[in-house]
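Student: Hi, I have a new structure open and would like some help finding my way around. Could we go through it piece by piece?
Tutor: Gladly; let us look at it together.

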Amino acid sequence: MSSSTLCRSSIARHFPPLSGTRTALFSLLLLSGCGGGGTAVTPVAAPPATITLSAAALLGQKIFSDTSLSASGQMACATCHNPANAHAQSNDLSVQLGGANQQIPGTRAVPSLRYLNLLPAFFFAKDGTPTAGFNRDGSAATLAGQARVPLLAAHEMANISAADLTARLAKAAYVEEFRQVFGSDILAAPEQAVERIGFALQQYQKEDHDFFPFDAKYDQFLAGKIALNSAELRGLALFNNPAKGNCAACHVSARGADGSAPLFTDFSYDNIGVPRNPAIPANADPAYFDLGLCGPIRNDLSSRSDLCGAFKVPTLRNVTTRKVFFHNGRFTNLRDVLGFYVRRDTNPEEWYPRAADGSIDKFDDLPAAYKKNVNTVEVPYNRLPGMAPALSAQEIDDVITFLGTLNDGYQINP
Ligand code: HEC
Ligand code: HEC
């Protein structure tokens with residue numbers, strides 16, 4: 001958070017010994033402490049190659065790519081969360097178009113659905129750090145509850161009611177299977193049917209290893225199976241170095257104390273002053289601001305003005321496959337993202353427009369009262385004009401090369 005130099009709370013995964021091919025039970029540990037730089041080699045059990053999905057998860061898999069459940073007949077979860085693109089968008093639009101005519105724009109960029117399977121509901125950590133929850137503002141408590149949102153949102157799959165969605169489900173190819181799993185009269189109770197759709201989608205995302213393969217080059221490096229090349233190692237060192245990138249302070253890169261693999265996020269929230277994106281139609285209204293934790297989509301924290309402008313730290317796994325970056329999709333190129341990180345404060349004129357009086361309108365996507373919430377204390381944001389950026393152009397290239405080791409599906413012997 002803006003004035004915090006405290007350690008950030010972090011969430012670590014913990015694999016108990018795996019038995020059989022059934023869904024492994026995972027437990028969640030909450031650790032506190034600064035993210036950091038260690039790259040200790042501690043082999044852990046690899047997830048099984050095949051896993052048997054529960055009946056609910058198998059239904060969830062079908063629902064995930066079923067476009068017939070949308071008002072347009074053309075949109076499914078997989079349309080925006082494409083499995084071939086790390087379950088994120090495959091186009092470079094800042095926001096997607098949905099609704100019955102596929103013409104209603106959303107207000108946020110599509111996040112990847114990878115590595116969310118153990119995430120708990122939103123909470124405030126002991127030191128007050130907002131943490132976890134689904135969506136970029138933590139507004140959904142569970143994956144099941146989250147799934148309801150796109151199914152019913154006017155700018156997404158646009159069912160007008162639970163009854164409307166249930167009527168579409170009644171015509172789905174797998175409706176008999178749905179009845180077998182959730183009860184022969186389930187469709188007579190639309191609210192419950194929608195809840196079961198959410199549950200099925202949740203189980204699919206929690207059980208199917210496609211959502212958390214942990215088979216990136218970096219995972220194999222941590223397991224001691226391969227080496228990173230010199231540019232990747234330089235990038236990793238810059239990523240971890242608290243005086244250089246300091247990226248690991250929020251995008252955790254080291255194993256947890258229990259040996260759990262790093263997720264490259266601590267699931268905390270921060271306000272980093274991302275520039276306003278004129279490509280989002282809602283932003284045509286100068287009075288409209290997406291303020292993340294404090295609204296307008298989420299409304300239970302609207303009195304916490306200190307949280308206005310804070311968004312969830314996303315995982316950096318698969319980040320080089322992302323088409324747009326940040327909650328508002330303002331950047332389409334990772335080199336620009338890194339340039340923004342290190343030159344936001346040394347060269348604000350590169351990122352922000354000029355106000356009427358000729359001054360730079362720094363942090364232009366926040367109302368004046370909330371600009372002070374932007375993080376200006378932690379490296380790499382703690383600079384002033386005239387100072388050297390935390391990373392040079394060559395160092396940015398090395399960090400990007402390192403980020404390439406975080407893509408799922410790395411073949412040791414292709
Ligand atoms: C029109 C594009 C679109 C469709 C269709 C869509 N989503 Fe999303 N999804 C988004 C966007 C945009 C967000 C970010 C929303 C926010 O932060 O408020 C999101 C967020 C999520 C998240 C939270 C991710 C996180 O980091 O916390 C999950 C889980 C999710 N979607 C699952 C689904 C499922 C399941 C479906 C199908 C029922 C679906 N989505 C359909 C665009 C879409
Ligand atoms: C103080 C916490 C913090 C630090 C330090 C930090 N980040 Fe981030 N990062 C965030 C937050 C918060 C977001 C999401 C902001 C938003 O959407 O508005 C983010 C988003 C990103 C994204 C966009 C990912 C996506 O899917 O859209 C990239 C890339 C990224 N960070 C890379 C880095 C790198 C590289 C460094 C080190 C130079 C770094 N970050 C340092 C908090 C941090």
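Student: What classes of residue make up the shell around ligand 1?
Tutor: Before anything else, please keep in mind that this is a predicted model. The shell around ligand 1 has 15 nonpolar, 7 polar and 4 charged residues.

Student: And which residues are closest to ligand 1?
Tutor: Ligand 1 is surrounded by 26 residues, and the closest of these are C77, C80, N135, R136 and P150.

Student: Which helix gives the most to the shell around ligand 1?
Tutor: That is helix 3, which gives 5 residues. Helix 2, residues 77-80, and helix 3, residues 143-152, each supply at least two residues of that shell.

Student: OK, what about ligand 2, which residues come nearest there?
Tutor: Around ligand 2 there are 25 residues, of which G245, C247, C250, D270 and H327 come nearest. Sorted by class, the shell around ligand 2 has 17 nonpolar, 5 polar and 3 charged residues, and the helix that gives the most to this shell is helix 9, residues 334-343, with 3 residues.

Student: Let me zoom out. How many helices and strands does the protein chain have?
Tutor: The secondary structure of the protein chain comes to 10 helices and 8 strands. The chain has 414 residues, and buried residues make up 43% of them.

Student: What share of contacts join residues at least 24 apart?
Tutor: If you take the contacts in the protein chain between residues at least 6 apart in sequence, 69% of them join residues at least 24 apart.

Student: Which residues have the most contacts inside the largest nonpolar core?
Tutor: The largest nonpolar core has 91 residues, and I197, L201 and V399 are those with the most contacts inside it. Helix 6, residues 190-207, gives the most to this core, with 7 residues. As general background, nonpolar side chains in soluble globular proteins tend to be buried together.

Student: What does L201 touch, then?
Tutor: Leaving aside residues up to four places away in sequence, L201 touches G60, I63, F64, L143 and A147.

Student: How do helix 3 and helix 6 cross?
Tutor: Their axes come within 7 Å and cross at roughly 120°, and the crossing of helix 3 and helix 6 is right-handed. On the helix 3 side, the residues that meet helix 6 are L143, A144, G145, A147, R148 and L151, while helix 6 brings V194, I197, G198, F199, L201, Q202, Q205 and K206. By class, this contact of helix 3 with helix 6 has 8 nonpolar, 4 polar and 2 charged residues.

Student: Which residues of helix 1 are buried?
Tutor: In helix 1, residues 55-64, the buried residues are A57, L59, G60, Q61, I63 and F64. These buried residues of helix 1 pack against helix 2, helix 5, residues 175-182, and helix 6.

Student: Changing topic: where are the cis peptide bonds at P296 and P380?
Tutor: A cis peptide bond joins G295 and P296, with omega about 5°, and P296 is found in the loop between strand 7, residues 269-270, and strand 8, residues 311-312. The peptide bond from V379 to P380 is also cis, with omega near 5°, and P380 has its place in the loop between helix 9 and helix 10, residues 393-403.

Student: What is there to notice about phi at N318 and F363?
Tutor: For background, most residues other than glycine have a negative phi, and most peptide bonds are trans. N318 is not a glycine, yet has a positive phi of about 65°, and F363, which is not a glycine either, has a positive phi of about 55°. You will find N318 in the loop between strand 8 and helix 9, and F363 in the loop between helix 9 and helix 10.

Student: Why does N318 count as buried?
Tutor: N318 counts as buried because it has 21 C-beta neighbours inside 10 Å, and the cut-off for that is 20 or more. F363 is buried too, with 25 other C-beta atoms within 10 Å.

Student: One last residue: where is R255?
Tutor: R255 is found in the loop between helix 8, residues 230-240, and strand 7. R255 is partly exposed, because 19 other C-beta atoms lie within 10 Å, whereas a buried residue needs 20 or more. From C-alpha to C-alpha, R255 and D219 are 9.9 Å apart in space, and they are 36 residues apart in sequence.

How values were computed
Residues are numbered from 1 along each chain as its sequence is written. Chains are lettered from A and ligands numbered from 1 in the order in which they are written. This is a predicted model: local features need pLDDT of at least 70, side-chain atom pairs count only at pLDDT 80 or more; totals for chains, interfaces and linings use all residues. A residue is near a molecule or strand if its C-beta atom, placed from the backbone, lies within 6 Å of it. Helices (H or I, at least four residues) and strands (E, at least two) are DSSP runs, numbered from the N terminus. Ala, Val, Leu, Ile, Met, Phe, Trp, Tyr, Cys and Pro count as nonpolar, Asp, Glu, Lys and Arg as charged, and the others, Gly among them, as polar. A residue is buried if 20 or more other C-beta atoms lie within 10 Å of its own, exposed if 12 or fewer, and partly exposed in between; C-beta atoms are placed from the backbone. Two residues are in contact if their C-beta atoms, placed from the backbone, lie within 7 Å. A nonpolar core is a set of buried Ala, Val, Leu, Ile, Met, Phe, Trp, Tyr and Cys residues joined through C-beta atoms within 7 Å. Axes are lines fitted to C-alpha atoms, for helices over the stretch in contact, and angles run from 0 to 180 degrees between N-to-C directions. A crossing is left-handed if the near helix is turned anticlockwise from the far one by less than a right angle, and right-handed if clockwise.
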